[in-house]
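Please open the model in your viewer and keep the sequence panel beside it, since the tour below moves from one selection to the next. Colouring by confidence will help at the start.

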Amino acid sequence: MDSGPEIKYHAWLVKNHWCARCGRQDARTLSGKYLCFSCAEKERQYHRAYYRDAAQMQARKNKELRERRKAQGLCSTCGAALPTQAYPYRTCPKCRARRRELDTRRREIRSGFSRELREEQGLCVKCGAPRKEGTRPWTGEAYKLCDRCWADAAAGLKKGRAAYQEKYGISYGQRRWNHEHCIRDQGGASP
Ligand SMILES: [Zn+2]
Ligand SMILES: [Zn+2]
Ligand SMILES: [Zn+2]
């Protein structure tokens, strides 16, 4: 191990509670520290700026990569090819599924409550609030969601169906009916 004059001086400063950087101020009161308050503060600022710059640079790089993938019609997260040109999302189905799972897990961790536990206790499986009263009209089963989550889910479904109608020019129900009656085989307009 190197023990030149510099190292010895450093050891001497620390041993005598002098600041190891400026050699002037008393570092004794700072338990186990070898820098005086002002040098320690400078050091902290330096590190903070260093990490902030590094984080900013990484964020910029990530953003550029996402933009590049987006421009090429690739998943902005993993770079995989997206299903079709009309595909409305920026990430592939795999990344979207992973993302959803992560979001759900994060929510569960935050609430300290798993879906299974909520199911067991007869609470809204999505958020843990008391469930919507009554039973589902078409199955007679109890609701598994609270009023708010149920309304959210219904609105999402409605939106999805509207998007479907927009895309195919036919309602989801109509298409299913067509499919079931095999209109396609007779040259119908079903996609
Ligand atoms: Zn100092
Ligand atoms: Zn992806
Ligand atoms: Zn809910």
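In which helix of the protein chain is confidence lowest, and in which is it highest? This is a predicted model, and its confidence is lowest in helix H6, residues 172–180, at a mean of 73, whereas H2 has the highest, at 92. Over the protein chain the pLDDT averages 83, and 88% of the residues score at least 70. Where pLDDT is low, the predicted coordinates should not be read in detail.

**The whole chain**

Switch to a cartoon view and follow the protein chain along its sequence, where the pattern reads α-α-α-α-α-α, with 6 helices and 0 strands in total. Of the 191 residues in the protein chain, 6% count as buried. If you turn to contacts between residues at least 6 apart in sequence, 1% of them join residues at least 24 apart.

**Helix H1 and the loop after it**

Select residues 5–15, which form helix H1; this helix is hardly covered, and the count of buried residues among its 11 residues is 0. Next select His17, which sits in the loop between H1 and H2 and comes just after H1. What is notable about the phi of His17? His17 has a positive phi of about 65 degrees although it is not a glycine. Most residues other than glycine have a negative phi. Show the surroundings of His17 as well: this residue is partly exposed, because 16 other C-beta atoms lie within 10 Å, and a residue counts as buried only from 20 upwards.

**Helix H2**

Move on to H2, residues 37–71, and place a distance between its end C-alpha atoms. The 35 residues of H2 should span 51 Å at 1.5 Å a residue, and the end C-alpha atoms are 51 Å apart, so the two values agree. Is H2 largely covered or largely in the open? The number of buried residues among its 35 is 0, so H2 lies largely in the open. Just after H2, select Gly73, where phi is positive at about 70 degrees.

**The loop between H2 and H3**

Continue to Ala81, which is found in the loop between helix H2 and helix H3, the latter covering residues 93–111. Ala81 is exposed, because it has 10 other C-beta atoms within 10 Å. To see how this position relates to an earlier part of the chain, select Arg69 too: the two residues are 12 apart along the chain, and their C-alpha atoms are separated by 9.3 Å.

**Helix H3**

Within helix H3, pick Arg105, which is exposed, because 11 other C-beta atoms lie within 10 Å of its own. Then add Arg115, 10 residues from Arg105 along the chain, and the separation between the two C-alpha atoms comes to 9.5 Å.

**The loop between H4 and H5**

Select Lys144 in the loop between helix H4, residues 115–120, and H5. Which residues does Lys144 touch, not counting those up to four places away in sequence? With that exclusion, Lys144 touches Val125 and Arg131. Lys144 counts as partly exposed because it has 19 C-beta neighbours inside 10 Å. A further pair to display is Lys144 with Lys126, since these residues are 18 apart in sequence and 8.4 Å apart in space, C-alpha to C-alpha.

**Helix H5 and the glycine after it**

Select residues 147–168 for helix H5 and then Arg148, which lies in this helix. Arg148 is partly exposed, because 13 other C-beta atoms lie within 10 Å. Between Arg148 and Cys127, which are 21 residues apart in sequence, the C-alpha to C-alpha distance is 9.4 Å.

Now look at H5 from end to end: with 22 residues, this helix reaches 31 Å from its first C-alpha to its last, close to the 32 Å expected at 1.5 Å a residue. The number of buried residues among those 22 is 0, so H5 lies largely in the open. For a last selection, choose Gly169, just after H5, where phi is positive at about 65 degrees.

Technical notes:
Residues numbered from 1 in each chain as written. Chains lettered and ligands numbered in written order. Predicted model: local features only at pLDDT ≥ 70, side-chain atom pairs only at ≥ 80, totals over all residues. Helix = DSSP H or I, 4+ residues; strand = E, 2+ residues; numbered from the N terminus. Buried ≥ 20, exposed ≤ 12 C-beta atoms within 10 Å, placed from the backbone. Contact = placed C-beta atoms within 7 Å. pLDDT = per-residue confidence, 0-100. Expected span 1.5 Å × (residues − 1).
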